[in-house]
Amino acid sequence: MKFYDCKTAPSPRRARIFIAEKNIAIEHIEVDLRNAEQMGDAFRQINAYCTVPVLELDNGTHLTTTAGIWQYLEAAYPEPALMGTTAEQKGIIADLQWRIETGGFMAMGEYLRNSAPAMKGRALTGTVNYEQIPELAVRGKDRLTHFFDDIDELIGTKPYVAGETFSVADIDLLVVIDFAKWKKITLPKTAVNAWRWYETVSARPSTQSVEPVSR
Ligand SMILES: N[C@@H](CCC(=O)N[C@@H](CS)C(=O)NCC(=O)O)C(=O)O
């Protein structure tokens, strides 16, 4: 297998942590997003949607989303389970993941991509160039702030987001918290449960590719 990665980007990091937690040896290939390598002809042969991460299987199949890569690796390498073992856990983790994806990643994407000067004319990933809409940046920031305000309650007194066991929901939440620091949004100081969880999860060897944020 080959893993097409970009060390500075959040979505590949989600897959990278997952791979590290499962301790799977995979060749990593760095894609230079800064110089738009994802838009070139060579990378389009790998992923026509021009995004990373991508997992190339040994038979040549390309999985082109974090969600697809997680599903594949969880089925192919069940231990340790990161997406739940019982029917109920699987449902709870998928629920949480969707909340974090929509409330966290999509809001941050809306904010960042509609305001960053470097993303002018590239407000969405993919083959079509879209102009920024400043109002969407304002809305994204507002949505993200509300999402951050609710994290403390989401964690509560549980060790991990989904309960007693580390899961893909922890990976998702950790990565979105680190991603939001690009826009200087962080957990409220009063979010004691969230900070306790964040410090524990940030100390895992699998997550070390980004400097943790400090209180
Ligand atoms: N939901 C997709 C998102 C993938 C995505 O947006 N990747 C970004 C890096 S985090 C990318 O490839 N950006 C390329 C670009 O900005 O053109 C996934 O999780 O795979």
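Helices (H or I, at least four residues) and strands (E, at least two) are taken from DSSP runs and numbered from the N terminus. The model is predicted.

**Exercise 1. Place the cis peptide bonds and name the loops that hold their prolines.**

Step 1. Start with proline 80. This residue sits in the loop between helix 3 and helix 4. Its peptide bond from glutamate 79 is cis, and omega is near -10°.

Step 2. Go to proline 53. A cis bond links it to valine 52, with omega about 10°. The loop here runs between helix 2 (41-46) and strand 3 (54-56).

Step 3. Set this against the usual case. Most peptide bonds are trans.

**Exercise 2. Find the backbone angle of alanine 36 and locate the residue.**

Step 1. Read phi. For alanine 36 it is positive, about 55°, although the residue is not a glycine.

Step 2. Recall the background. Most residues other than glycine have a negative phi.

Step 3. Locate it. Alanine 36 belongs to the loop between strand 2 (27-30) and helix 2.

**Exercise 3. Describe the largest pocket: volume, lining and origin.**

Step 1. Take the volume. The largest pocket holds about 1700 Å³ of space.

Step 2. Assign elements. Two or more lining residues come from each of helix 1 (10-22), helix 3 (66-76), helix 4 (87-113) and helix 5 (134-155). Helix 4 contributes the most, with 10 residues.

Step 3. Count the lining. It has 49 residues, and Pro10, Ser11, Thr51, Arg113 and Thr125 are nearest the centre.

Step 4. Sort by class. The lining has 28 nonpolar, 11 polar and 10 charged residues.

Step 5. Check the domains. Domain 1 (2-76) and domain 2 (87-206) each supply at least three lining residues.

**Exercise 4. Work out which residues surround the ligand and which side chains make polar contacts with its oxygen atoms.**

Step 1. List the neighbours. With a heavy-atom cut-off of within 4 Å, the ligand has 16 residues around it. Gln38, Val52, Thr66, Arg113 and Arg122 come nearest.

Step 2. Apply the polar cut-off: a pair of N or O atoms within 3.5 Å. Glutamine 38 passes, with a side-chain N or O atom 2.8 Å from a ligand oxygen. Arginine 113 has a polar side-chain atom 3.0 Å from an oxygen of the ligand. For arginine 14, the distance from a polar side-chain atom to a ligand oxygen is 3.1 Å.

Step 3. Gauge the cover. Alone, the ligand has 510 Å² of accessible area, and the protein covers 79% of it.

How values were computed
Residues are numbered from 1 along each chain as its sequence is written. This is a predicted model: local features need pLDDT of at least 70, side-chain atom pairs count only at pLDDT 80 or more; totals for chains, interfaces and linings use all residues. Side-chain values use heavy atoms; hydrogens and water are left out. On a 1 Å grid over the protein atoms alone, a cavity is a set of points where a 1.4 Å probe fits but cannot get out, and a pocket is an open set with protein on both sides within 12 Å along at least five of seven lines; lining residues have an atom within 4 Å of a point. Grid points are joined across faces, edges and corners, and a volume is the space filled by probe spheres set on the points. Ala, Val, Leu, Ile, Met, Phe, Trp, Tyr, Cys and Pro count as nonpolar, Asp, Glu, Lys and Arg as charged, and the others, Gly among them, as polar. Domain bounds come from an automatic or database domain assignment. A polar contact is a pair of N or O atoms within 3.5 Å; within protein, one must be able to donate a hydrogen and the other to accept it, and residues adjacent in sequence count only if both atoms are side-chain atoms. Accessible areas come from the Shrake-Rupley method with a 1.4 Å probe; for residues, only the protein chains shown count as cover.
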